[in-house]
Amino acid sequence: RLVESGGRTVHTGDSLRLSCTASEGTLPDKPIGWFRQAPGKEREFVAAITWVTLQTYYADTVNDRFTVSRDTVNNIGYLQMRALKPEDTAVYYCAVHSGGHPSRSGSYGTWGQGTQVTVSS
């Protein structure tokens, strides 16, 4: 199981970094994705990063503000968020890719419980 951390309430324009770790052992050698779900909305893709080449993928809504990365030595995934907006308010999840396009939630097999990010105006 994965564990997300770092979520909290911030103000518009602030930055925040989320972390993704494994509850037991280490993150698998597979791509890691980040998704978010706002109240009343479907879960949506945010970003993803592969394991070997560290190729990254981003949703258009966050492409110029968020940066996905992973520490392959300490086995931690990160989502650095900048210039946060109220519409970024959501529960953020990390997940392990199991096959398929990286932007689809169905392509991920192991998920965390999520961490709440609230951006106040």
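Strands in this report are DSSP runs of E with at least two residues, numbered from the N terminus. The structure is a predicted model.

**Overall build**

The protein contains zero helices and eleven strands. Read from the N terminus, the order of elements is β-β-β-β-β-β-β-β-β-β-β. The C-alpha trace extends over about 40 × 25 × 25 Å along the principal axes. A compact globule of 121 residues would have a radius of gyration near 14 Å, and the value for the protein, 13 Å, agrees with this.

Of the 121 residues, 42% are buried. Among contacts with a separation of 6 or more, 53% are between residues 24 or more positions apart. The accessible surface is about 6,200 Å², and carbon and sulfur atoms account for 45% of this surface. The side chains include 12 positive and 11 negative ones, with the centres of the two sets 1 Å apart.

**The aromatic cluster**

The protein has five aromatic pairs. One of them joins Tyr93 and Trp111, whose ring centres are 6.4 Å apart and whose planes meet at 75°; an angle over 60 degrees counts as edge-to-face, so this pair is edge-to-face. Tyr93 belongs to strand 9 (residues 90-97) and Trp111 to strand 10 (residues 108-111), so the pair links distant parts of the chain, with the two positions 18 residues apart in sequence. Tyr93 has a relative accessibility of 12% and counts as buried.

Both residues are members of one aromatic cluster, made up of Phe35, Phe45, Tyr93, Tyr108 and Trp111. Tyr108 is located in strand 10. With 6% relative accessibility, Tyr108 is buried, because the limit for that class is under 20%. Leaving aside neighbours within four places in sequence, Tyr108 is in contact with Phe35 and Phe45 of the cluster, and also with Ile32, Gly33, Ala48, Ala95, Val96, His97, Ser98 and Pro102. Gly33 is 75 residues from Tyr108 in sequence, while their C-alpha atoms are 7.8 Å apart in space.

**Two residues with positive phi**

Leu54 and Asn75 each have a positive phi although neither is a glycine. Leu54, with phi of about 55°, is placed in the loop between strand 5 (44-49) and strand 6. Asn75, with phi of about 60°, sits in the loop between strand 7 (66-71) and strand 8 (76-81). Leu54 is partly exposed at a relative accessible area of 38%, whereas Asn75 is buried at 14% relative accessibility.

**Three further positions**

Thr12 is in the loop between strand 2 (9-11) and strand 3 (16-22). Its relative accessibility is 42%, which counts as partly exposed. Beyond its neighbours within four places in sequence, Thr12 is in contact with Leu84, Pro86, Val119, Ser120 and Ser121.

Thr56 is part of strand 6 (residues 56-58). This residue is partly exposed, with a relative accessible area of 33%. With neighbours within four places set aside, the contacts of Thr56 are Ala48, Ile49 and Val68. Ala48 also appears in the contacts of Tyr108.

Ala38 is found in the loop between strand 4 (32-37) and strand 5. Its relative accessible area is 18%, and Ala38 is therefore buried, given the limit of under 20%. Outside its neighbours within four places in sequence, Ala38 is in contact with Thr89 and Ala90.

**Separation along the chain and in space**

The table sets sequence separation beside C-alpha distance for four pairs that involve the residues above.

| Pair | Separation in sequence | C-alpha distance |
|---|---|---|
| Thr12 and Lys85 | 73 residues | 5.1 Å |
| Tyr108 and Gly33 | 75 residues | 7.8 Å |
| Thr56 and Ala90 | 34 residues | 21 Å |
| Ala38 and Glu24 | 14 residues | 28 Å |

Thr12 and Lys85 are 73 residues apart along the chain with 5.1 Å between their C-alpha atoms. For Ala38 and Glu24, 14 residues apart along the chain, the C-alpha distance is 28 Å. Ala90 appears in the table with Thr56, at 21 Å, and Ala90 is also one of the contacts of Ala38.

Terms used
Residues are numbered from 1 along each chain as its sequence is written. This is a predicted model: local features need pLDDT of at least 70, side-chain atom pairs count only at pLDDT 80 or more; totals for chains, interfaces and linings use all residues. Side-chain values use heavy atoms; hydrogens and water are left out. Helices (H or I, at least four residues) and strands (E, at least two) are DSSP runs, numbered from the N terminus. The radius of gyration is taken over C-alpha atoms; the globule rule is 2.2 Å times the number of residues to the power 0.38. Buried means under 20% relative accessible area, exposed over 50%, partly exposed in between (1.4 Å probe, protein chains only). Contact means heavy atoms within 4.5 Å. Accessible areas come from the Shrake-Rupley method with a 1.4 Å probe; for residues, only the protein chains shown count as cover. Lys and Arg count as positive and Asp and Glu as negative; His and the chain ends are not counted. The place of a charge is taken as NZ of Lys, CZ of Arg, CG of Asp or CD of Glu. Rings of Phe, Tyr and Trp (its six-membered ring) pair if their centres lie within 6.5 Å; planes under 30 degrees apart count as stacked, over 60 as edge-to-face and the rest as tilted.
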